[in-house]
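Please find below some comments on the structure, set out as numbered points. They begin with a term that the later points rely on.

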Amino acid sequence: MSTASTPSTPAPVRIPLELKQVVESEIKEWHFHIYFHQNNAEENAAALKLRDSVLRLRRDGAFVAVPLFRVNTAPIGPHPVGSYEIWVPQETFSAVFSYLCMNRGNLSILVHPLTREQRKSAEDHDTRVAWIGPSYPLDLTALPLRSEEIPLQYPSLRLGYSAKPQLTLEMRMKLGANVEHLLASEKEAARAPPRV
């Protein structure tokens, strides 16, 4: 009798294809956590300089990004080093992501969505994360498994989860059809399968 275990087959991934389901499950708010070694004066200064730059650029209209008032000068929650958080709505996600990619220096940045799933099977802080720069191990035991509500932040801005939908499903379908029409003459663009 063999005692060797056989690897289990992973469950198939279900990819949503229905437009309504995809739109309703869209992530609308994100956190960027800027990490720095709290005992490294150079990294600490670079992190604070980046934070001040984000605040000035928000003031000047480059994007909407809201750094939390607090800068963590020691590990806190799941974060293993000094850090601070920047809330970003989907409306300016690409502008903030681009800015931080280009200007982070040697700092690492954890990017994760805000949903009900803090550390459940589809974990916001584990499975759904992206890193700009080298990653750090996180202590996920410090997070709740699931929130009953989506963690709504800064509703007064009427962005992210607080925004009213800009496009109806019908408008999105027309937009998609127009994009397919425009790309029909582009040799490098893959074609979408026909609607069933």
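1. A helix, as the word is used here, is a DSSP run of H or I with at least four residues, and helices are numbered from the N terminus. The model under discussion is predicted. Just after helix 3, Gly105 has a positive phi of about 65°.

2. On the overall arrangement, the chain contains four helices and five strands. Along the sequence their order is α-β-α-β-β-α-β-β-α. Of the 196 residues in the chain, 31% are buried. The chain exposes about 13,200 Å², and 56% of this comes from carbon and sulfur atoms.

3. Helix 3 spans residues 93-103, and its buried residues are Phe93, Val96, Tyr99 and Leu100. These residues lie on the same side of helix 3, because they cover an arc of only 140° around the axis. A general rule is useful here: an α-helix has 3.6 residues a turn, so residues three or four places apart point the same way.

4. What does the buried side of helix 3 pack against? Its buried residues pack against helix 2 (41-59) and against four strands: strand 1 (29-36), strand 3 (82-89), strand 4 (108-113) and strand 5 (130-132). On the face turned away from the buried side, helix 3 carries the exposed residues Ser94 and Met102.

5. Ser83 belongs to strand 3. Is Ser83 buried or exposed? Ser83 counts as buried because its relative accessibility is 1%, and buried means under 20%. Leaving aside residues up to four places away in sequence, Ser83 touches Ile34, Tyr35, Phe36, Val71 and Asn72.

Conventions
Residues numbered from 1 in each chain as written. Predicted model: local features only at pLDDT ≥ 70, side-chain atom pairs only at ≥ 80, totals over all residues. Heavy atoms only, no water. Buried < 20%, exposed > 50% of the residue type's maximum accessible area, 1.4 Å probe, protein only. Helix = DSSP H or I, 4+ residues; strand = E, 2+ residues; numbered from the N terminus. Arc of directions from axis to C-beta. Contact = heavy atoms within 4.5 Å. Areas by Shrake-Rupley, 256 points an atom, 1.4 Å probe, with all protein chains shown as cover.
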